[in-house]
Amino acid sequence: MLKQTEGSQAVAEAIALCRPEVVCAYPITPQTHIVEGVGALVKAGKIENCEFINVESEFAALSVAIGASAAGARAYTATASQGLLFMGEAVYNAAGLGLPIVMTIGNRAIGAPINIWNDHTDSMSMKDSGWIQLFAETNQEAVDLHIQAFRLAEELSCPVMVCMDGFILTHAYERIDVPSQEEVDAFLPPYDPIQVLDPVEPYSIGAMVGPEAFTEVRYLAHEKQLQALRRIPEIGAVFKDVFGRQSGGLIHSYRTEGAETIAVALGSVNGTIKEVIDGMRDDGAAVGSVSICSFRPFPLDELRAALVGAKHVVVIEKSLAPGLGGIVASNIRMALRETAVPVYTVIAGLGGRPITMNSLREVLEAAGNMRLPDVQFLDLDHGAVEREILRAKQTRRAGPTAENILRNLGHAAVAGND
Amino acid sequence: MNIMQPGPFKAANYKSDVTPVWCPGCGDFHVLLSLTKALAELGAAPENVALVSGIGCSSRIPAYTNCYGFHGVHGRSLALGAGLKVARPDLTVLVMSGDGDGFSIGGNHFLHACRRNIDMTYVVMDNRVYGMTKGQPSPTTEPDWDSALSPGGTGLSPFHPLVIALASGANFVAREFSGDIKGTTRTIVEAVRHPGFSFVEILSPCVTFRPDERAWKTQTHVASVEATDDPARAARRIMTDDGFNTGVLYRGRRKPYEHHVTDRIVDPAILEQEFAI
Ligand SMILES: Cc1ncc(C[n+]2csc(CCOP(=O)(O)OP(=O)(O)O)c2C)c(N)n1
Ligand code: SF4
């Protein structure tokens, strides 16, 4: 049913439609509205046979989900930012054990310095944990990806993170088609676990594995992701049959025919990028864009096919690997290995800094004119940075960087947030 | 103790020029006032005081003072404070936390900080709710308090911070109400002066998400009995009171953590005596 609603609320309703049996959560901005929405639906009796547990931390939240999933229950949790980091050990554990938990990430920056706004540093910190990572471009896609995520996770027995941009999506009100229970039931079969705690056949989960077999177990985790590469588009096609719309898949290309410069990004910024592309196309520039929906597994072949005809690839990414530059761009270079296509990294939108159409257009034009460095920081205040570097050179006891920069820019340091 | 003799400090000397963003009527305003008054009474120069916090409305407090402040990640304030104090034993260290920061996500550190008995003061502004994330139940929330994250209430027995502090080895245990500025100030002063790990729970209402807590003003009352140094007696008292007694409950005699002594051989008999509850 089409309705005007908040992204978080729509996702909560989508979760309810997937009939989770155990939901556990610890609140953190900007995830809170999602889990509160699920809690309210449990309370209203809208989710049958669902145990909702408000736990003492994120570490507990995912650990409870692991226990529930190991016992054969469909388990769901959600977090963001610091919460995902705090879960870290359990994140790897869930993947290593092959437990098909679905988790929403309301993407938010990581401190220090504390920041509650959107970027992708949180999800990127877990990119190699063995979870499948799907990034939603719109709230409609966020709803649809959750429904697909349970099916994907349970078919492969592999946990799935659905990443949606904090605030930009989680707190945005828009028209969203929330499907009916019948549609979801037709698409998502009841969970049939590959491992359950069965009293008839007791066994233990979580064996110690030495050098003799560790590589093989890890290889199988990799192989599972490769299977997901095949299943994600197939599940997207089945989804289209049932729900009548295209959602998910590995990547989405936009106006890439004959494009010389192609922008690549994850998540909601693709909406802005598309508008920039339209404007530049109107002015005769050969530009296009590619949105990556599945970041793990990473669709090397599809990206190579989509990008190999370009003269410049500009990766707009909301996370930074200090000492390297761009994480997504490094992955894209792997897709374009042994080609001559230059890949530029543009670090943008960190800690919620707006990514404006003007700035995007500038970098795309600069790339077309071969004027873009390998790593560029969108709208960086070079003056502020240089003053701080100079100050730090002149004074050994330079003090805390964050406070200095704020003072330098004329802002009072604020006491932390969420 | 590294507290100077009462100096020329006034409460205002400890306030920074950052304006608190707490809701009007939040109990934490009173805690800030009592804290600055207590520091003035202790005569500790602002630069000799370190306030360490985690995340939450309550944890914003260090920024509102002129002391050293450390605003850490959610739940780790006690461990941070411990590190700070062992590195700089000359500083007066107060860890300032909330019931979510201190008892949920950081609950584990609470037990071990009490055990370790490092000479610092732990102040928890307990409003029985997560204020900053807008109203979810904490471990001290009543079992029938309804919220979206605890549909129909948690149904769980609330965590009893004072009993846990006592059982885990805290050397000084007290409860105050934020609105009682005199009592809170006096207790913070005493907590800082008492050797070892001091724990002060301050009932500090969250007027926004727990408007019912405004009633604490009349519900809280100064305990009619003196503090004890007998943990068994303190435990009995606190297990049977109505939860609103204020004042110092327990002054222990455990030896504080010794700096620069890595291999402490503890006589089990002494331990038994200390924990004879
Ligand atoms: C690892 C992590 N999880 C969750 C959060 C979100 N969060 C911020 S403050 C808070 C609870 C604060 O409650 P409390 O300590 O009682 O402080 P109050 O705001 O009530 O003063 C939570 C859950 C976070 N910052 N970090
Ligand atoms: S939300 Fe509650 S705890 Fe936070 S500032 Fe407001 S009244 Fe105080």
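User: Before we look at the site, what makes a residue near a molecule?
Analyst: Good place to start! This is a predicted model, and the test uses the C-beta atom of each residue, placed from the backbone. A residue is near a molecule if that atom lies within 6 Å of it.

User: Which chains supply the residues that surround ligand 1?
Analyst: Let's look at some of the shell's members. The closest residues include B:Gly56, B:His74 and B:Gly131, while helix H4 (81-96) of chain A and helix H3 (99-104) of chain B each give at least two residues to the shell. The site is therefore shared between chains, with residues from chains A and B.

User: How many charged residues does the shell around ligand 1 have?
Analyst: Ligand 1 is surrounded by 26 residues. Sorted by class, eleven of the shell residues are nonpolar and eleven are polar. The charged residues in the shell number four.

User: On the side of chain B that touches chain A, how many residues are nonpolar?
Analyst: The contact takes 22 residues from chain A and 25 residues from chain B. On the chain B side, ten residues are polar and two are charged. The nonpolar residues there number 13.

User: Why does the radius of gyration of chain A agree with a compact globule?
Analyst: Chain A has 14 helices and 15 strands, and buried residues make up 51% of its 418 residues. Among its contacts with a separation of 6 or more, 79% join residues 24 or more positions apart. For 418 residues, a compact globule would have a radius of gyration near 22 Å, and chain A agrees because its own value is 22 Å.

Definitions and conventions:
Residues are numbered from 1 along each chain as its sequence is written. Chains are lettered from A and ligands numbered from 1 in the order in which they are written. This is a predicted model: local features need pLDDT of at least 70, side-chain atom pairs count only at pLDDT 80 or more; totals for chains, interfaces and linings use all residues. Helices (H or I, at least four residues) and strands (E, at least two) are DSSP runs, numbered from the N terminus. Ala, Val, Leu, Ile, Met, Phe, Trp, Tyr, Cys and Pro count as nonpolar, Asp, Glu, Lys and Arg as charged, and the others, Gly among them, as polar. Two residues are in contact if their C-beta atoms, placed from the backbone, lie within 7 Å. The radius of gyration is taken over C-alpha atoms; the globule rule is 2.2 Å times the number of residues to the power 0.38. A residue is buried if 20 or more other C-beta atoms lie within 10 Å of its own, exposed if 12 or fewer, and partly exposed in between; C-beta atoms are placed from the backbone.
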